[in-house]
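Below are my notes on the model, as numbered points. Please read them beside the coordinates.

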Amino acid sequence: MVFEVVKGMDVLRILKGPIWAVDALMGQKSFKKNPIIGSRWLNERGFYLKRVAWAERMAALRRRQMAHYLTDEDRAFFHRNGYLVKENFLPSDVLKQVQDEIATREFAASEMRQGKTVTRFIGLPPSVLKDLPGLQQVVHDPFLQKAMRYVASYNADPILFLHAVLWDLDKTQKDPQTDFHIDTFHATSKCWLFLKDVEAEDGPFHYVPGSHRYTPERREWEFDQSLMRFIIVMACMQRAHSVQVKRRSASWDTVSL
């Protein structure tokens with residue numbers, strides 16, 4: 001019985017091999033879901049670092065083709081700091097209109113829980129925006145659209161949401177959103193339009209200026225992370241295997257009785 005399960009798993013790994021290989025050449029970032037990306041042997045020889053370096057070169061190439069999307073000043077600020085800031089982004093009357101539209105409408109939402117933090121997303125497709133002229137102006141703002149494309153290095157429509165984070169400082173449950181982290185190894189962009197002033201007690205967004213640059217220090221950090229992630233993934237897999245074995249043993253005991 002055990003032999004048959006292991007044999008089936010080996011066949012599945014062989015069948016998934018080509019998919020894993022293609023994912024490793026694309027944007028897949030999971031060390032757990034893709035054993036090629038998570039291979040300690042490969043990463044000790046710089047495989048993960050090569051993925052990061054290649055992604056950096058490709059992003060730079062794509063951004064050169066979109067250089068006209070931003071002013072020289074904004075481009076220089078972004079490449080120095082890794083972000084852009086536009087205070088009073090909307091005229092006051094449009095901001096008030098957006099605030100009223102959000103406060104007086106009901107929206108279908110989805111939620112994600114990480115630790116004790118709940119993140120609520122409300123999609124803004126054309127079917128939702130058609131009766132919301134204020135939000136339409138935000139979503140289709142030329143600067144917003146061009147800046148997100150340039151920063152992400154992809155000339156594609158960004159996906160925008162109404163976004164609420166309901167958080168708790170209880171540290172008994174881990175919440176990755178409240179720790180400094182990098183979302184992925186390749187260029188990406190996110191933007192926030194705050195509807196009111198954000199105070200310290202609100203849990204403001206934090207960013208380390210210049211942390212986007214692929215410096216020797218970051219390369220060293222990325223290398224250490226690629227090996228550390230392997231250890232974390234293996235520990236998680238061992239815990240999962242232990243739970244499965246215990247559950248299987250319990251079910252066998254029940255059957256034997």
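1. Ser39 is buried, its relative accessible area being 17%. Here buried stands for under 20% relative accessible area, exposed for over 50%, and partly exposed for what lies in between, with a 1.4 Å probe and protein chains only. Ser39 sits in the loop between helix 1 (2-25) and helix 2 (40-44). Its side chain comes to 3.1 Å from the backbone nitrogen of Leu42.

2. A word on the source. This is a predicted model, in which local features need pLDDT of at least 70 and side-chain atom pairs count only at pLDDT 80 or more, while totals for chains, interfaces and linings use all residues. Residues are numbered from 1 along each chain as its sequence is written, and side-chain values use heavy atoms, with hydrogens and water left out.

3. The chain has 9 helices and 3 strands. Helices (H or I, at least four residues) and strands (E, at least two) are DSSP runs, numbered from the N terminus. Along the sequence the order is α-α-α-α-α-β-β-α-α-α-β-α. Of the 257 residues in the chain, 25% are buried. Among contacts with a separation of 6 or more, 68% are between residues 24 or more positions apart; a contact means heavy atoms within 4.5 Å. The exposed area of the chain is about 18,200 Å², and 60% of it comes from carbon and sulfur atoms. Accessible areas follow the Shrake-Rupley method with a 1.4 Å probe, and for residues only the protein chains shown count as cover.

4. How do the strands pair? Strand 1 (residues 110-114) and strand 2 (residues 117-123) run antiparallel and are joined by 5 bridges. Strand 2 also pairs with strand 3 in the antiparallel sense, over 6 bridges. Pairing requires that DSSP finds at least two bridges between two strands. Phe121 of strand 2 stands opposite Ser110, and Phe121 also stands opposite His163 in strand 3. The hairpin of strand 1 and strand 2 has 2 residues between the strands, and Gly115 there takes a positive phi near 65°.

5. The whole structure contains 10 salt bridges, a salt bridge being a side-chain nitrogen of Lys or Arg within 4 Å of a carboxyl oxygen of Asp or Glu. One of them joins Glu44 and Arg40, with 3.0 Å from N to O. These two residues are 4 apart in helix 2, so about one helical turn separates them. Glu44 is partly exposed at 39% relative accessibility, and Arg40 is partly exposed at 28%. Arg40 and Glu44 belong to a network of salt bridges together with Arg45.

6. Which side chain does Lys86 meet in a salt bridge? The partner of Lys86 is Asp74, at 3.2 Å from N to O. Lys86 lies in the loop between helix 4 (72-81) and helix 5 (92-104) and Asp74 in helix 4, so the pair ties together parts that are 12 residues apart in sequence. Asp74 is buried at 11% relative accessibility, whereas Lys86 is partly exposed at 39%.

7. Lys130 and Asp131 form a salt bridge as well, their closest N and O atoms being 3.1 Å apart. Lys130 is exposed, with a relative accessible area of 55%. Asp131 is partly exposed at 43%.

8. Two backbone angles deserve a check. Most residues other than glycine have a negative phi. Asn88 is not a glycine, yet its phi is positive, near 50°. Asn88 belongs to the loop between helix 4 and helix 5, and at 74% relative accessibility Asn88 is exposed. Ser153, also not a glycine, has a positive phi of about 70°. Ser153 is placed in the loop between helix 8 (142-152) and strand 3. Is Ser153 buried or exposed? Ser153 is buried, at 0% relative accessible area.

9. On the surface, Trp192, Phe194, Val198, Phe205 and Tyr207 make a nonpolar patch of about 480 Å². Patches are made of residues with over 30% relative accessible area and no salt bridge, like charges being joined within 9 Å and nonpolar side chains (Val, Leu, Ile, Met, Phe, Trp, Tyr) within 5 Å. Val198 of this patch is partly exposed at 35% relative accessibility. Val198 lies in the loop between strand 3 (161-166) and helix 9 (216-256).

Definitions and conventions
A polar contact is a pair of N or O atoms within 3.5 Å; within protein, one must be able to donate a hydrogen and the other to accept it, and residues adjacent in sequence count only if both atoms are side-chain atoms.
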